[in-house]
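These are my notebook entries on one structure, set down in the order in which I looked things up.

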Amino acid sequence: MILGLQWGDEGKGKIVDVLTRDYDIIARFQGGPNAGHTLIFDGTKHVLHTIPSGIFHDKKINVVGNGVVIDPVIFKNEIEKLKAVGVDLKNKLFISKKAHLILPTHRLIDKASELSKGTKKIGSTLKGIGPTYMDKTGRNGLRVGDLSEDDWMIKYDNLKNKHLNLIRSFNVDIDFDIEELSNNFFESIEYIKQVKFIDSEHFFNESLKNGKKIIAEGAQGSLLDIDFGTYPYVTSSTTTAAGASTGLGIAPNKIDDVIGIFKAYTTRVGSGPFPTELFDDIGNRISKVGNEFGATTGRPRRCGWLDLVALRHSIIINGVTKLAIMKGDVLSGLKKIKICTKYRYKGELIDYLPYSLESKNLEPIYEEMSGWDDDITAIKNMEDLPKTFLNYISFIQDWVGVQIKIISVGPDRKQTIIV
Ligand code: IMP
(Lines give C-alpha, C1' and ligand atoms only; values in the text may rest on other atoms or scores of the structure.)
Protein backbone atom coordinates (compact mmCIF):
# COMPACT_ATOMS: atom_id res chain seq x y z
CA MET A 1 0.00 0.00 0.00
CA ILE A 2 1.34 3.44 -0.90
CA LEU A 3 -0.14 6.37 0.99
CA GLY A 4 0.44 10.09 1.43
CA LEU A 5 0.97 11.05 5.07
CA GLN A 6 0.39 14.81 4.86
CA TRP A 7 -2.20 16.92 3.01
CA GLY A 8 -1.67 15.26 -0.34
CA ASP A 9 0.82 16.06 -3.13
CA GLU A 10 3.60 14.10 -1.41
CA GLY A 11 4.69 12.34 -4.61
CA LYS A 12 2.78 9.06 -4.40
CA GLY A 13 2.53 8.82 -8.19
CA LYS A 14 6.30 8.95 -8.59
CA ILE A 15 6.90 6.22 -6.00
CA VAL A 16 4.18 3.97 -7.44
CA ASP A 17 5.79 4.39 -10.86
CA VAL A 18 9.26 3.60 -9.45
CA LEU A 19 8.08 0.48 -7.59
CA THR A 20 5.75 -0.84 -10.31
CA ARG A 21 8.44 -3.01 -11.93
CA ASP A 22 8.32 -5.36 -8.91
CA TYR A 23 4.51 -5.73 -8.98
CA ASP A 24 1.83 -7.16 -11.29
CA ILE A 25 -1.22 -5.02 -10.56
CA ILE A 26 -1.59 -1.36 -9.58
CA ALA A 27 -4.94 -0.34 -8.12
CA ARG A 28 -6.37 3.03 -7.11
CA PHE A 29 -8.70 2.61 -4.12
CA GLN A 30 -10.28 5.98 -3.29
CA GLY A 31 -10.70 9.58 -4.34
CA GLY A 32 -11.25 10.64 -7.89
CA PRO A 33 -10.00 13.25 -10.33
CA ASN A 34 -9.35 15.66 -7.46
CA ALA A 35 -6.00 13.83 -7.48
CA GLY A 36 -3.15 14.79 -9.76
CA HIS A 37 -0.35 12.24 -9.78
CA THR A 38 2.72 13.59 -11.55
CA LEU A 39 5.24 11.26 -13.17
CA ILE A 40 8.40 12.42 -14.90
CA PHE A 41 10.64 10.22 -17.04
CA ASP A 42 12.59 10.53 -20.28
CA GLY A 43 12.25 14.29 -20.00
CA THR A 44 8.44 14.27 -20.15
CA LYS A 45 5.91 15.09 -17.45
CA HIS A 46 2.65 13.13 -17.25
CA VAL A 47 -0.24 13.93 -14.90
CA LEU A 48 -2.79 11.24 -14.03
CA HIS A 49 -6.08 11.93 -12.27
CA THR A 50 -8.00 8.65 -12.15
CA ILE A 51 -5.80 6.10 -13.88
CA PRO A 52 -3.25 4.31 -11.64
CA SER A 53 0.39 5.34 -11.87
CA GLY A 54 1.58 1.96 -13.19
CA ILE A 55 0.06 2.62 -16.61
CA PHE A 56 3.34 3.53 -18.32
CA HIS A 57 4.86 0.09 -17.69
CA ASP A 58 4.36 -2.84 -20.05
CA LYS A 59 2.64 -6.02 -18.91
CA LYS A 60 1.21 -4.46 -15.73
CA ILE A 61 -2.49 -4.37 -15.01
CA ASN A 62 -4.00 -1.13 -13.72
CA VAL A 63 -7.36 -1.16 -11.98
CA VAL A 64 -9.63 1.68 -10.90
CA GLY A 65 -11.09 0.16 -7.73
CA ASN A 66 -14.63 0.25 -6.33
CA GLY A 67 -13.71 2.98 -3.81
CA VAL A 68 -12.84 5.46 -6.56
CA VAL A 69 -15.32 7.95 -8.01
CA ILE A 70 -15.01 8.39 -11.78
CA ASP A 71 -15.86 11.37 -13.93
CA PRO A 72 -16.28 9.90 -17.42
CA VAL A 73 -15.49 13.26 -19.02
CA ILE A 74 -12.12 13.58 -17.26
CA PHE A 75 -11.46 9.87 -17.73
CA LYS A 76 -11.94 10.17 -21.49
CA ASN A 77 -9.49 13.04 -21.57
CA GLU A 78 -6.94 11.04 -19.63
CA ILE A 79 -7.26 8.06 -21.96
CA GLU A 80 -6.86 10.28 -25.00
CA LYS A 81 -3.72 11.88 -23.57
CA LEU A 82 -2.23 8.46 -22.86
CA LYS A 83 -3.04 7.20 -26.34
CA ALA A 84 -1.47 10.33 -27.80
CA VAL A 85 1.86 9.46 -26.16
CA GLY A 86 1.62 5.90 -27.42
CA VAL A 87 0.42 4.06 -24.30
CA ASP A 88 -1.48 0.94 -25.33
CA LEU A 89 -4.30 0.44 -22.83
CA LYS A 90 -5.64 -2.83 -24.19
CA ASN A 91 -5.71 -5.52 -21.49
CA LYS A 92 -3.89 -3.10 -19.19
CA LEU A 93 -6.66 -1.00 -17.75
CA PHE A 94 -9.81 -2.21 -15.97
CA ILE A 95 -12.53 -0.45 -14.01
CA SER A 96 -14.48 -1.87 -11.08
CA LYS A 97 -18.20 -2.23 -11.78
CA LYS A 98 -18.79 -0.95 -8.25
CA ALA A 99 -16.97 2.38 -8.73
CA HIS A 100 -19.38 5.33 -8.50
CA LEU A 101 -19.91 7.82 -11.29
CA ILE A 102 -19.49 11.57 -10.95
CA LEU A 103 -22.39 13.22 -12.80
CA PRO A 104 -22.09 16.77 -14.19
CA THR A 105 -24.63 17.82 -11.56
CA HIS A 106 -22.35 16.52 -8.78
CA ARG A 107 -19.81 19.09 -9.92
CA LEU A 108 -22.47 21.79 -9.88
CA ILE A 109 -23.51 20.86 -6.33
CA ASP A 110 -19.87 21.08 -5.26
CA LYS A 111 -19.70 24.59 -6.69
CA ALA A 112 -23.01 25.69 -5.17
CA SER A 113 -22.03 24.25 -1.78
CA GLU A 114 -18.67 26.04 -1.78
CA LEU A 115 -20.24 29.33 -2.87
CA SER A 116 -22.83 29.10 -0.12
CA LYS A 117 -20.10 28.62 2.51
CA GLY A 118 -18.38 31.95 1.71
CA THR A 119 -15.20 32.38 3.77
CA LYS A 120 -15.74 28.97 5.39
CA LYS A 121 -15.36 27.18 2.06
CA ILE A 122 -13.35 23.93 2.02
CA GLY A 123 -11.28 24.96 -0.98
CA SER A 124 -12.53 21.94 -2.89
CA THR A 125 -11.10 21.10 -6.30
CA LEU A 126 -14.76 21.34 -7.46
CA LYS A 127 -14.58 17.98 -9.20
CA GLY A 128 -17.81 16.78 -7.55
CA ILE A 129 -16.05 14.43 -5.15
CA GLY A 130 -17.99 15.27 -1.95
CA PRO A 131 -21.46 15.18 -3.58
CA THR A 132 -20.68 11.85 -5.29
CA TYR A 133 -19.61 10.20 -2.03
CA MET A 134 -22.72 11.72 -0.39
CA ASP A 135 -24.86 9.90 -2.94
CA LYS A 136 -22.83 6.74 -2.44
CA THR A 137 -23.31 6.62 1.34
CA GLY A 138 -26.86 7.96 0.98
CA ARG A 139 -27.54 4.94 -1.30
CA ASN A 140 -28.57 7.06 -4.26
CA GLY A 141 -25.43 6.83 -6.38
CA LEU A 142 -24.92 5.47 -9.88
CA ARG A 143 -22.21 2.93 -10.46
CA VAL A 144 -20.21 1.87 -13.49
CA GLY A 145 -22.10 -1.45 -13.49
CA ASP A 146 -25.37 0.45 -13.95
CA LEU A 147 -24.26 1.55 -17.41
CA SER A 148 -25.15 -1.85 -18.83
CA GLU A 149 -28.63 -1.94 -17.22
CA ASP A 150 -31.79 -1.21 -19.24
CA ASP A 151 -33.04 1.43 -16.80
CA TRP A 152 -29.77 3.38 -16.78
CA MET A 153 -31.24 6.47 -18.48
CA ILE A 154 -34.17 6.57 -16.04
CA LYS A 155 -31.78 6.34 -13.11
CA TYR A 156 -29.65 9.13 -14.57
CA ASP A 157 -32.65 11.41 -15.12
CA ASN A 158 -34.02 10.80 -11.63
CA LEU A 159 -30.74 11.61 -9.97
CA LYS A 160 -30.09 14.60 -12.22
CA ASN A 161 -33.53 16.07 -11.42
CA LYS A 162 -32.99 15.56 -7.72
CA HIS A 163 -29.65 17.34 -8.04
CA LEU A 164 -31.18 20.26 -9.93
CA ASN A 165 -33.62 20.80 -7.04
CA LEU A 166 -30.79 20.61 -4.56
CA ILE A 167 -28.74 23.16 -6.53
CA ARG A 168 -31.68 25.59 -6.47
CA SER A 169 -31.96 25.24 -2.70
CA PHE A 170 -28.44 26.66 -2.21
CA ASN A 171 -29.73 29.96 -3.50
CA VAL A 172 -26.50 30.92 -5.24
CA ASP A 173 -25.89 32.17 -8.72
CA ILE A 174 -24.30 29.59 -11.01
CA ASP A 175 -24.58 29.39 -14.76
CA PHE A 176 -24.87 26.09 -16.56
CA ASP A 177 -26.40 24.44 -19.58
CA ILE A 178 -27.68 21.06 -18.44
CA GLU A 179 -28.32 19.80 -21.98
CA GLU A 180 -24.77 20.47 -23.02
CA LEU A 181 -23.35 18.96 -19.83
CA SER A 182 -25.49 15.83 -20.21
CA ASN A 183 -24.55 15.38 -23.88
CA ASN A 184 -20.88 15.67 -23.08
CA PHE A 185 -21.31 13.17 -20.26
CA PHE A 186 -23.07 10.60 -22.49
CA GLU A 187 -20.47 10.97 -25.20
CA SER A 188 -17.77 10.20 -22.63
CA ILE A 189 -19.74 7.24 -21.26
CA GLU A 190 -19.75 5.66 -24.71
CA TYR A 191 -16.01 6.19 -24.85
CA ILE A 192 -15.15 4.65 -21.48
CA LYS A 193 -17.27 1.62 -22.34
CA GLN A 194 -14.24 0.56 -24.42
CA VAL A 195 -12.45 -0.14 -21.12
CA LYS A 196 -13.29 -3.49 -19.52
CA PHE A 197 -15.58 -3.31 -16.45
CA ILE A 198 -14.73 -6.06 -13.94
CA ASP A 199 -15.78 -7.58 -10.62
CA SER A 200 -12.63 -6.16 -9.15
CA GLU A 201 -12.78 -7.69 -5.65
CA HIS A 202 -12.95 -11.12 -7.24
CA PHE A 203 -10.12 -10.25 -9.63
CA PHE A 204 -7.86 -9.02 -6.82
CA ASN A 205 -8.45 -11.98 -4.54
CA GLU A 206 -7.96 -14.53 -7.33
CA SER A 207 -4.79 -12.72 -8.35
CA LEU A 208 -3.45 -12.84 -4.79
CA LYS A 209 -4.30 -16.55 -4.61
CA ASN A 210 -2.24 -17.02 -7.77
CA GLY A 211 0.78 -15.31 -6.24
CA LYS A 212 0.41 -11.94 -7.98
CA LYS A 213 1.61 -8.80 -6.23
CA ILE A 214 -0.58 -5.71 -5.96
CA ILE A 215 0.19 -2.06 -5.19
CA ALA A 216 -2.74 -0.19 -3.64
CA GLU A 217 -2.23 3.42 -4.70
CA GLY A 218 -3.67 6.05 -2.39
CA ALA A 219 -4.74 9.53 -3.39
CA GLN A 220 -4.70 12.76 -1.33
CA GLY A 221 -3.15 12.37 2.14
CA SER A 222 -3.96 11.11 5.64
CA LEU A 223 -4.57 14.62 6.97
CA LEU A 224 -7.37 14.93 4.39
CA ASP A 225 -9.00 11.67 5.59
CA ILE A 226 -12.71 12.01 6.25
CA ASP A 227 -12.33 10.66 9.82
CA PHE A 228 -8.76 11.35 10.90
CA GLY A 229 -7.96 14.49 8.90
CA THR A 230 -8.57 18.13 9.75
CA TYR A 231 -12.37 17.91 9.45
CA PRO A 232 -14.29 19.60 7.86
CA TYR A 233 -11.33 20.73 5.73
CA VAL A 234 -10.83 17.27 4.28
CA THR A 235 -11.80 15.26 1.25
CA SER A 236 -14.76 12.87 1.33
CA SER A 237 -13.02 9.50 1.27
CA THR A 238 -10.94 7.28 3.55
CA THR A 239 -7.45 8.22 2.47
CA THR A 240 -5.89 6.12 5.24
CA ALA A 241 -4.91 2.43 5.15
CA ALA A 242 -8.39 1.10 5.96
CA GLY A 243 -9.61 2.71 2.72
CA ALA A 244 -7.56 0.23 0.70
CA SER A 245 -9.53 -2.69 2.16
CA THR A 246 -12.94 -1.14 1.56
CA GLY A 247 -11.87 0.44 -1.71
CA LEU A 248 -10.52 -2.75 -3.26
CA GLY A 249 -12.10 -5.61 -1.31
CA ILE A 250 -8.73 -6.83 -0.03
CA ALA A 251 -8.77 -7.95 3.61
CA PRO A 252 -6.45 -6.18 6.08
CA ASN A 253 -4.54 -9.39 6.82
CA LYS A 254 -3.51 -9.62 3.14
CA ILE A 255 -1.59 -6.33 3.34
CA ASP A 256 2.15 -6.84 3.78
CA ASP A 257 3.62 -3.36 3.65
CA VAL A 258 2.34 0.16 4.15
CA ILE A 259 4.68 2.67 2.54
CA GLY A 260 4.11 6.17 3.83
CA ILE A 261 5.22 9.06 1.60
CA PHE A 262 6.03 12.48 3.00
CA LYS A 263 7.79 15.63 1.86
CA ALA A 264 10.84 16.94 3.75
CA TYR A 265 8.59 19.92 4.48
CA THR A 266 4.81 20.31 4.43
CA THR A 267 2.34 21.69 1.88
CA ARG A 268 -1.38 22.14 1.81
CA VAL A 269 -3.71 23.31 -0.94
CA GLY A 270 -7.17 24.61 -0.12
CA SER A 271 -8.46 25.91 3.20
CA GLY A 272 -8.02 24.60 6.72
CA PRO A 273 -5.56 24.68 9.60
CA PHE A 274 -1.83 24.23 8.97
CA PRO A 275 0.19 24.77 12.18
CA THR A 276 3.67 24.96 10.61
CA GLU A 277 2.69 27.17 7.67
CA LEU A 278 5.29 29.78 6.69
CA PHE A 279 4.24 33.26 5.61
CA ASP A 280 7.78 34.57 5.04
CA ASP A 281 10.57 34.46 2.47
CA ILE A 282 11.45 30.88 3.37
CA GLY A 283 7.88 29.78 2.58
CA ASN A 284 8.04 31.63 -0.74
CA ARG A 285 11.39 30.08 -1.51
CA ILE A 286 10.14 26.54 -0.84
CA SER A 287 7.09 27.23 -2.98
CA LYS A 288 9.23 28.48 -5.87
CA VAL A 289 12.02 25.90 -5.73
CA GLY A 290 9.58 23.06 -5.09
CA ASN A 291 7.24 24.27 -7.84
CA GLU A 292 4.39 23.95 -5.39
CA PHE A 293 1.33 24.39 -7.57
CA GLY A 294 -1.59 21.96 -7.66
CA ALA A 295 -1.32 19.35 -10.43
CA THR A 296 -5.13 19.37 -10.85
CA THR A 297 -6.14 22.98 -10.25
CA GLY A 298 -2.87 24.90 -10.65
CA ARG A 299 -3.56 26.62 -7.33
CA PRO A 300 -0.46 27.66 -5.31
CA ARG A 301 0.19 25.31 -2.41
CA ARG A 302 0.73 26.72 1.08
CA CYS A 303 4.19 25.73 2.39
CA GLY A 304 5.64 25.15 5.85
CA TRP A 305 8.10 23.18 7.98
CA LEU A 306 7.88 19.45 8.54
CA ASP A 307 5.42 18.64 11.32
CA LEU A 308 6.44 15.45 13.15
CA VAL A 309 3.39 15.51 15.43
CA ALA A 310 1.10 15.31 12.40
CA LEU A 311 3.41 12.86 10.62
CA ARG A 312 3.44 10.44 13.55
CA HIS A 313 -0.37 10.67 13.77
CA SER A 314 -0.58 9.51 10.16
CA ILE A 315 2.03 6.78 10.69
CA ILE A 316 0.07 5.35 13.63
CA ILE A 317 -3.36 5.51 11.96
CA ASN A 318 -1.98 3.79 8.86
CA GLY A 319 0.39 1.29 10.47
CA VAL A 320 3.20 2.52 8.23
CA THR A 321 6.01 -0.04 7.87
CA LYS A 322 8.39 1.96 5.64
CA LEU A 323 8.80 5.63 4.87
CA ALA A 324 9.73 7.54 1.72
CA ILE A 325 11.04 11.10 2.07
CA MET A 326 10.49 13.36 -0.92
CA LYS A 327 11.93 16.68 -2.09
CA GLY A 328 14.87 16.98 0.33
CA ASP A 329 16.58 18.72 -2.60
CA VAL A 330 14.13 21.62 -2.33
CA LEU A 331 15.52 22.53 1.11
CA SER A 332 19.13 22.68 -0.17
CA GLY A 333 20.68 26.07 0.56
CA LEU A 334 18.76 26.83 3.74
CA LYS A 335 21.18 27.56 6.62
CA LYS A 336 18.76 26.38 9.32
CA ILE A 337 15.83 24.03 9.08
CA LYS A 338 13.06 23.86 11.64
CA ILE A 339 11.12 20.76 12.51
CA CYS A 340 7.99 20.73 14.68
CA THR A 341 8.09 18.16 17.49
CA LYS A 342 5.37 19.47 19.83
CA TYR A 343 2.37 21.76 20.00
CA ARG A 344 1.51 24.19 22.73
CA TYR A 345 -2.20 23.49 22.91
CA LYS A 346 -4.40 25.57 25.19
CA GLY A 347 -1.26 26.35 27.25
CA GLU A 348 0.03 22.76 27.55
CA LEU A 349 2.78 20.98 25.61
CA ILE A 350 1.45 17.97 23.71
CA ASP A 351 2.91 15.58 21.10
CA TYR A 352 -0.29 14.23 19.55
CA LEU A 353 -2.92 15.69 17.24
CA PRO A 354 -5.70 17.36 19.24
CA TYR A 355 -9.37 17.56 18.16
CA SER A 356 -8.87 20.85 16.34
CA LEU A 357 -5.74 22.40 14.86
CA GLU A 358 -7.19 25.93 14.71
CA SER A 359 -4.35 28.38 15.28
CA LYS A 360 -6.03 30.33 18.09
CA ASN A 361 -5.47 27.35 20.43
CA LEU A 362 -2.28 25.95 19.01
CA GLU A 363 1.34 26.96 18.52
CA PRO A 364 3.98 24.69 16.94
CA ILE A 365 7.19 24.16 18.95
CA TYR A 366 10.30 23.63 16.85
CA GLU A 367 13.75 22.09 17.05
CA GLU A 368 16.33 23.72 14.81
CA MET A 369 18.78 21.76 12.67
CA SER A 370 21.61 22.72 10.33
CA GLY A 371 20.70 22.72 6.65
CA TRP A 372 22.65 21.46 3.65
CA ASP A 373 24.11 23.55 0.87
CA ASP A 374 24.97 20.93 -1.69
CA ASP A 375 22.95 20.09 -4.78
CA ILE A 376 21.78 16.54 -4.02
CA THR A 377 19.76 15.94 -7.19
CA ALA A 378 22.35 13.69 -8.87
CA ILE A 379 23.25 11.60 -5.81
CA LYS A 380 22.66 7.87 -6.26
CA ASN A 381 23.78 6.42 -2.91
CA MET A 382 22.71 7.28 0.60
CA GLU A 383 26.35 7.48 1.83
CA ASP A 384 27.00 10.35 -0.57
CA LEU A 385 24.25 12.57 0.86
CA PRO A 386 25.40 15.58 2.94
CA LYS A 387 25.91 14.76 6.62
CA THR A 388 23.37 17.35 7.72
CA PHE A 389 20.69 15.83 5.47
CA LEU A 390 21.50 12.39 6.90
CA ASN A 391 21.14 13.90 10.39
CA TYR A 392 17.73 15.25 9.38
CA ILE A 393 16.70 11.78 8.19
CA SER A 394 17.96 10.12 11.40
CA PHE A 395 16.16 12.66 13.54
CA ILE A 396 12.86 11.94 11.77
CA GLN A 397 13.30 8.16 11.93
CA ASP A 398 14.16 8.24 15.64
CA TRP A 399 11.24 10.51 16.43
CA VAL A 400 8.58 8.54 14.55
CA GLY A 401 10.09 5.06 15.04
CA VAL A 402 9.90 3.95 11.38
CA GLN A 403 12.79 3.60 8.90
CA ILE A 404 13.09 5.73 5.78
CA LYS A 405 13.66 3.27 2.92
CA ILE A 406 13.24 5.56 -0.08
CA ILE A 407 14.86 8.98 -0.58
CA SER A 408 13.70 11.01 -3.55
CA VAL A 409 16.13 13.74 -4.63
CA GLY A 410 14.33 15.10 -7.69
CA PRO A 411 11.17 14.67 -9.75
CA ASP A 412 12.52 12.15 -12.26
CA ARG A 413 11.99 8.41 -11.85
CA LYS A 414 15.78 8.02 -11.80
CA GLN A 415 16.32 10.49 -8.96
CA THR A 416 15.39 7.94 -6.32
CA ILE A 417 17.63 6.29 -3.73
CA ILE A 418 16.36 2.96 -2.44
CA VAL A 419 18.00 2.21 0.92
P1 IMP B 1 -12.20 17.91 -2.76
O2 IMP B 1 -11.80 16.52 -2.40
O3 IMP B 1 -11.90 18.25 -4.18
O4 IMP B 1 -13.59 18.26 -2.38
O5 IMP B 1 -11.29 18.91 -1.90
C6 IMP B 1 -11.31 18.89 -0.47
C7 IMP B 1 -9.97 19.35 0.07
O8 IMP B 1 -8.98 18.38 -0.26
C9 IMP B 1 -9.47 20.66 -0.52
O10 IMP B 1 -8.72 21.35 0.48
C11 IMP B 1 -8.55 20.24 -1.64
O12 IMP B 1 -7.59 21.20 -1.95
C13 IMP B 1 -7.95 18.99 -1.02
N14 IMP B 1 -7.53 18.02 -2.02
C15 IMP B 1 -8.32 17.20 -2.75
N16 IMP B 1 -7.58 16.42 -3.55
C17 IMP B 1 -6.31 16.75 -3.33
C18 IMP B 1 -5.07 16.26 -3.84
O19 IMP B 1 -5.00 15.34 -4.67
N20 IMP B 1 -3.95 16.87 -3.36
C21 IMP B 1 -3.99 17.84 -2.41
N22 IMP B 1 -5.12 18.31 -1.90
C23 IMP B 1 -6.27 17.77 -2.35
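**Entry 1. Terms and model.** Before describing a hairpin I noted what a strand is: strands are DSSP runs of E of at least two residues, numbered from the N terminus. Two strands pair if DSSP finds at least two bridges between them. I also noted that this is a predicted model.

**Entry 2. Strand β16 and its partners.** I looked up the hairpin and found that β16 and β17 form it, with 2 residues between them. In the turn, Lys 346 has a positive phi of about 45 degrees. The two strands run antiparallel and are joined by 3 bridges, β17 covering residues 348–350. I recorded one facing pair here, Tyr 345 opposite Glu 348 in β17.

I then followed β16 to its other partners. Strand β18, residues 362–370, is antiparallel to β16 and is joined to it by 9 bridges. Cys 340 stands opposite Tyr 366 of β18. Strand β14, residues 306–307, runs parallel to β16, which spans residues 336–345, and 2 bridges join the pair. In this pairing Leu 306 faces Ile 339 in β16. I added a general remark: in a regular strand, side chains alternate between the two faces of the sheet.

**Entry 3. The nonpolar cores.** Which residues have the most contacts inside the largest nonpolar core? I found Ile 325, Tyr 392 and Ile 396, in a core of 51 residues. Among the elements that give two or more residues to this core are β16, α10 (308–318), β15 (322–326) and β19 (404–408). Helix α11 gives the most, with 5 residues.

I listed the contacts of Ile 325, leaving aside its neighbours within four places in sequence. They include Phe 262, Phe 389, Tyr 392, Ile 396 and Ile 406. Apart from the largest core lies another, of 32 residues, among them Leu 48, Ile 79, Ile 95 and Leu 147.

**Entry 4. The second largest pocket.** I recorded about 340 Å³ of space in the second largest pocket. It is lined by 18 residues, and the closest to its centre are Met 1, Tyr 23, Ile 214, Lys 254 and Asp 256. Two elements, β10 and α8, each give two or more residues to the lining. The largest share, 3 residues, comes from β10. By type, the lining divides into 13 nonpolar residues, no polar ones and 5 charged ones. Both β10 (214–217) and α8 (242–248) are also among the elements that give two or more residues to the largest core.

**Entry 5. Two single residues.** Is Gln 397 buried or exposed? Gln 397 has a relative accessible area of 13%, so I entered it as buried, the cut-off being under 20%. Gln 397 has its place in helix α11. Outside its neighbours within four places in sequence, Gln 397 is in contact with Val 402, Gln 403 and Ile 404.

Next I turned to Leu 181, found in helix α6, residues 178–192. Leu 181 counts as partly exposed because its relative accessibility is 23%, which lies between the 20% and 50% cut-offs. Not counting residues up to four places away in sequence, Leu 181 touches Pro 104, Leu 108 and Phe 176. How far apart in space are Leu 181 and Thr 105? From C-alpha to C-alpha I noted 8.4 Å, although the two are 76 residues apart in sequence.

How values were computed. Residues are numbered from 1 along each chain as its sequence is written. This is a predicted model: local features need pLDDT of at least 70, side-chain atom pairs count only at pLDDT 80 or more; totals for chains, interfaces and linings use all residues. Side-chain values use heavy atoms; hydrogens and water are left out. Helices (H or I, at least four residues) and strands (E, at least two) are DSSP runs, numbered from the N terminus. A nonpolar core is a set of buried Ala, Val, Leu, Ile, Met, Phe, Trp, Tyr and Cys residues joined through side-chain atoms within 4.5 Å. Buried means under 20% relative accessible area, exposed over 50%, partly exposed in between (1.4 Å probe, protein chains only). Contact means heavy atoms within 4.5 Å. On a 1 Å grid over the protein atoms alone, a cavity is a set of points where a 1.4 Å probe fits but cannot get out, and a pocket is an open set with protein on both sides within 12 Å along at least five of seven lines; lining residues have an atom within 4 Å of a point. Grid points are joined across faces, edges and corners, and a volume is the space filled by probe spheres set on the points. Ala, Val, Leu, Ile, Met, Phe, Trp, Tyr, Cys and Pro count as nonpolar, Asp, Glu, Lys and Arg as charged, and the others, Gly among them, as polar.
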